[in-house]
Amino acid sequence: MKKNYTVFFLLLFVSSISGGMALKDYFDYSMIIGVGLAMIFLFASVYSLGKKNSDNNLHN
């Protein structure tokens, strides 16, 4: 059984932005780091979704 990590990466995307916003009073560049991590997780979720769709198209 293959797993779909798209939802997992999207949850990490939202949590990294939330973490950056929550820590902005404690660290100077926390929002930049949070958005940077969010972009990485967003690209990972797009890659995971594209890979899943290409695997499904091969079986159809």
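Student: Let's start with S48: buried or exposed?
Tutor: The cut-offs on relative accessible area are under 20% for buried, over 50% for exposed and in between for partly exposed, using a 1.4 Å probe and protein chains only. S48 has 13% relative accessibility, so the residue counts as buried.

Student: Before we go on, what kind of model is this, and how are residues numbered?
Tutor: Side-chain values use heavy atoms, with hydrogens and water left out, and this is a predicted model, where local features need pLDDT of at least 70 and side-chain atom pairs count only at pLDDT 80 or more, while totals for chains, interfaces and linings use all residues. Along each chain, as its sequence is written, residues are numbered from 1.

Student: Which residues does S48 touch, leaving out those up to four places away in sequence?
Tutor: S48 sits in helix 2, with helices (H or I, at least four residues) and strands (E, at least two) taken as DSSP runs numbered from the N terminus. Its C-alpha lies 7.2 Å from that of N4, although 44 residues separate the two in sequence. With contact meaning heavy atoms within 4.5 Å, S48 touches N4, Y5, T6 and F9.

Student: And which residues does L42 touch on that same count?
Tutor: L42 is also found in helix 2, and at 27% relative accessibility it counts as partly exposed. D25 is 17 residues away along the chain, with 25 Å between the C-alpha atoms. Leaving out residues up to four places away in sequence, L42 touches L10 and F13.

Student: F9 came up with S48; how is its ring pair with F8 classed?
Tutor: The structure holds one aromatic pair. Rings of Phe, Tyr and Trp (its six-membered ring) pair if their centres lie within 6.5 Å, and planes under 30 degrees apart count as stacked, over 60 as edge-to-face and the rest as tilted. The ring centres of F8 and F9 are 5.9 Å apart and the planes meet at 50°, so the pair is tilted.

Student: How do F8 and F9 stand on accessibility?
Tutor: F8 has a relative accessible area of 48%, which makes it partly exposed. For F9 the value is 21%, and this residue too counts as partly exposed.

Student: Which helix gives the largest share of the nonpolar surface patch?
Tutor: The patch consists of M21, M31, V35, M39 and F43, together about 450 Å² of accessible area. M21 belongs to helix 1 (residues 6-22) and is partly exposed at 47%, while M39 belongs to helix 2 and is partly exposed at 36%. Four residues, the largest share, come from residues 30-59, that is, helix 2.

Student: Compact globule or more spread out: what does the radius of gyration say about the chain?
Tutor: The chain has two helices and zero strands. Its radius of gyration, taken over C-alpha atoms, is 15 Å. The globule rule (2.2 Å times the number of residues to the power 0.38) gives 10 Å for 60 residues, and the chain is well over that, so it is more spread out.

Student: What percentage of the residues is buried?
Tutor: The C-alpha atoms fill a box of roughly 50 × 15 × 10 Å along the principal axes. The chain exposes about 5,000 Å², with carbon and sulfur atoms supplying 69% of it. Of the 60 residues, the buried ones make up 13%.

Student: What share of the contacts with a separation of 6 or more links residues 24 or more positions apart?
Tutor: S48 and N4, 44 residues apart in sequence, were one example of residues far along the chain from each other. For contacts in the chain with a separation of 6 or more, the share from residues 24 or more positions apart is 60%.

Methods: Patches are made of residues with over 30% relative accessible area and no salt bridge: like charges are joined within 9 Å, nonpolar side chains (Val, Leu, Ile, Met, Phe, Trp, Tyr) within 5 Å. Accessible areas come from the Shrake-Rupley method with a 1.4 Å probe; for residues, only the protein chains shown count as cover. A salt bridge is a side-chain nitrogen of Lys or Arg within 4 Å of a carboxyl oxygen of Asp or Glu.
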